[in-house]
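Please open the model in your viewer and keep the sequence panel at hand. The stops below each give a selection to make and a description of what is found there.

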Amino acid sequence: MYYNVYNNNRRSYVMLLTTMIIRTLLCKPQEIDAGEFKARDFDKDLIAKHLSEAVQIPTVSMVGEFEGQDKPFHDYHAWLEKTYPLIHKTAEKTVINNYSLVYRFKGKNPTLAPGAFLAHQDVVPAPKEGWDYEPFGGTIDGGFIWGRGTQDMKGTMISILEATEKLLSEGWQPERDVYFCFGHDEEAWTEEGAAHICAWFKQQNIKLEYIIDEGGTIIDGNMIGVDKLFGLIATCEKGNLNMTLTVEKSGGHASNPSKPSAAALLGKALIKLDKHPMPSKWTPATKQTFKLLAPHMKFPIRMVLVNRDILSPLLKFVFKKIPLTNSLISTTFAQTMLHGSDAENVIPPKVTANINTRIITGVSSDEVIAYTQKLLGKDVKVERHGKGTEATAVSPIDVKPWHDLNVAIKQIFPTMVTAPYMFIANSDSRYYGDVCDNIYRFTPFLMTLDDQKRIHAINERVSIDAMEKATQFFAQCLEIMNK
Ligand SMILES: [Zn+2]
């Protein structure tokens, strides 16, 4: 009997292993034909000069009263007009809610749905401490343009504009209408910029064929021994919700405390929440990420990724141990703000904690609140704080805009392998779900991990070479995606 069970088990293990090996051997990379092509020449020093000038106009996100702090935005608009004369001569410009800009380039064929490129004009503040150069100085040194917004995201906006100005000088007119949508509050979450632009599209019943916005990332495959670049294009975004946890108990003087205190109950709740996250899930985008990347990996990573479904419990266990991979399969709960007493000798009658959650696609913010309330029980009140944003829909990858975008990438970055993925942060494009199904977030800057970490931090910079490539890339997008 024992012998038979042992033999049966062994047989099924061998079969499983054989299946996994066959799947690994059969998996083939998706090839993209970039066609005959030569990248345009750009004057990269001029691009650098323009980005430097853009950085010198400190369009820091406005919060509270806009009047009195809006001069940089008006200056920026004037600078755009002066610097890109052909764009301003050709496109129809609409100013939305005083500061956001929409440009429309009329296409030859009115039956085609328009496409749109998004960028935000605003940047996060940059106190001078710790910077090697003035944060709003736009210094060009050592092959880099330095300053706030060089990466996030004036660098992208300038690349798009440089590419367009060049194309227009060649007599370019797209087949479909092309919009540039430049909001002014992406970093501030005030719903004054992109939200209004989107409402403007809705009012006119304009449905967009595609949107390209910031996000995604380029990873150097050499980190895992693969001599390729991996371009991750975000096809969706996680939701973002703040919850307030509140525990109320009678407070009083610190000389005669009663037990358990409100703080102790809240502390217990926080530990419980930390230990019991919501169930992890392979979201549709994450499944696609590994499916498309797997054929380019070396053994044994390839075998593991190809057989993700079979190895799911083991893989989830490993993924959950690493914050970055955990964020791709889990709704995360970050405990960010605690508040109790304002005085050393006063026991607070109420203690609160803010939990910032990032929600995977397919899960709603209501479900997150319900889960948390059920887990923590009646001692802890769980409430939504602020509006937050739901996880977006997942854009398809079997449509023309996805294919065209990949051709443009292949042309400019020949060794790059692309895959869709779930963006763990947020972008302006999250507002556009009602007017567009094909939303792709991709920032085409080749840079080191060290440079990527400078976004929203000190010494933000982008290399002149990366700007040149990004400009060439957008020129190809404008041509290929608008046929
Ligand atoms: Zn940004």
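Begin by selecting R40 and E479, whose side chains form a salt bridge with the closest N and O atoms 3.0 Å apart. The structure is a predicted model, and every distance quoted on this tour is to be read in that light. R40 sits in the loop between α1 (2-26) and α2 (44-55), while E479 belongs to helix α15 (residues 464-480), so the pair ties together parts that are 439 residues apart in sequence. Is R40 buried or exposed? With a relative accessibility of 14%, R40 counts as buried, because the limit for that class is under 20%. Its partner E479, at 29% relative accessibility, counts as partly exposed.

**Further salt bridges**

How many salt bridges does the model contain? The count comes to 21, and three more stops illustrate them.

Select K49 and E53 next. Their side chains meet in a salt bridge of 3.0 Å, taken from N to O. Both residues belong to helix α2 and are four residues apart, about one turn of the helix. K49 is partly exposed at 42% relative accessibility, and E53 is likewise partly exposed, with a relative accessible area of 23%.

Now move to R104 and D177, where the side chains meet in a salt bridge of 2.8 Å from N to O. This pair links distant parts of the chain, 73 residues apart: R104 is in strand β2 (residues 100-105), and D177 is in the loop between α5 (154-169) and β6 (178-183). D177 is buried, with a relative accessible area of 12%.

For the last stop of this group, select D450, D451, R454 and R461 together. These residues are linked in a network of salt bridges.

**The two domains**

Colour the protein chain by domain: domain 1 comprises 44-222 + 393-480, and domain 2 comprises 236-389. The contact between them takes 19 residues from domain 1 and 20 residues from domain 2. The centres of domain 1 and domain 2, taken over C-alpha atoms, are separated by 32 Å.

**S395 and its neighbours**

Select S395, which is placed in the loop between β15 (381-389) and α13 (400-412). Which residues does S395 touch, leaving aside those up to four places away in sequence? They are T235, D437, N438, I439 and Y440. Display the side chain of S395 and the backbone of D437: the S395 side chain reaches the backbone oxygen of D437 at 3.0 Å. S395 is buried, with a relative accessible area of 4%.

**A nonpolar surface patch**

Switch to a surface view and select L314, F317, V318, I322 and L324. Together these residues make a nonpolar surface patch of about 500 Å². Which element gives the most to the nonpolar patch? Helix α10 (residues 312-321) does, with three residues. I322 lies in the loop between α10 and α11 (323-329). With a relative accessible area of 42%, I322 is partly exposed; I322 therefore satisfies the patch requirement of over 30% relative accessible area.

**Backbone details**

Return to a stick display of the main chain and select D152 and M153. The peptide bond from D152 to M153 is cis, with omega near -10 degrees. M153 is placed in the loop between β5 (144-146) and α5.

Select K259 and P260 next. Here too the peptide bond, running from K259 to P260, is cis, with omega near -10 degrees. P260 lies in the loop between β11 (252-253) and α7 (262-275).

Two residues with positive phi complete the tour. Select N98, whose phi is near 75 degrees, a positive value in a residue other than glycine. The place of N98 is in the loop between β1 (92-96) and β2. At 52% relative accessibility, N98 counts as exposed, because the limit for that class is over 50%.

Finally, select H456, which has a positive phi of about 65 degrees although it is not a glycine. H456 lies in the loop between α14 (449-452) and β18 (461-463). Its relative accessibility of 43% places H456 in the partly exposed class.

Technical notes. Residues numbered from 1 in each chain as written. Predicted model: local features only at pLDDT ≥ 70, side-chain atom pairs only at ≥ 80, totals over all residues. Heavy atoms only, no water. Patch = residues over 30% accessible without salt bridge, like charges linked within 9 Å, V, L, I, M, F, W, Y side chains within 5 Å. Areas by Shrake-Rupley, 256 points an atom, 1.4 Å probe, with all protein chains shown as cover. Salt bridge = Lys/Arg side-chain N within 4 Å of Asp/Glu carboxyl O. Buried < 20%, exposed > 50% of the residue type's maximum accessible area, 1.4 Å probe, protein only. Polar contact = N/O pair within 3.5 Å; in protein donor to acceptor, adjacent residues only side chain to side chain. Contact = heavy atoms within 4.5 Å. Domains from an automatic or database assignment.
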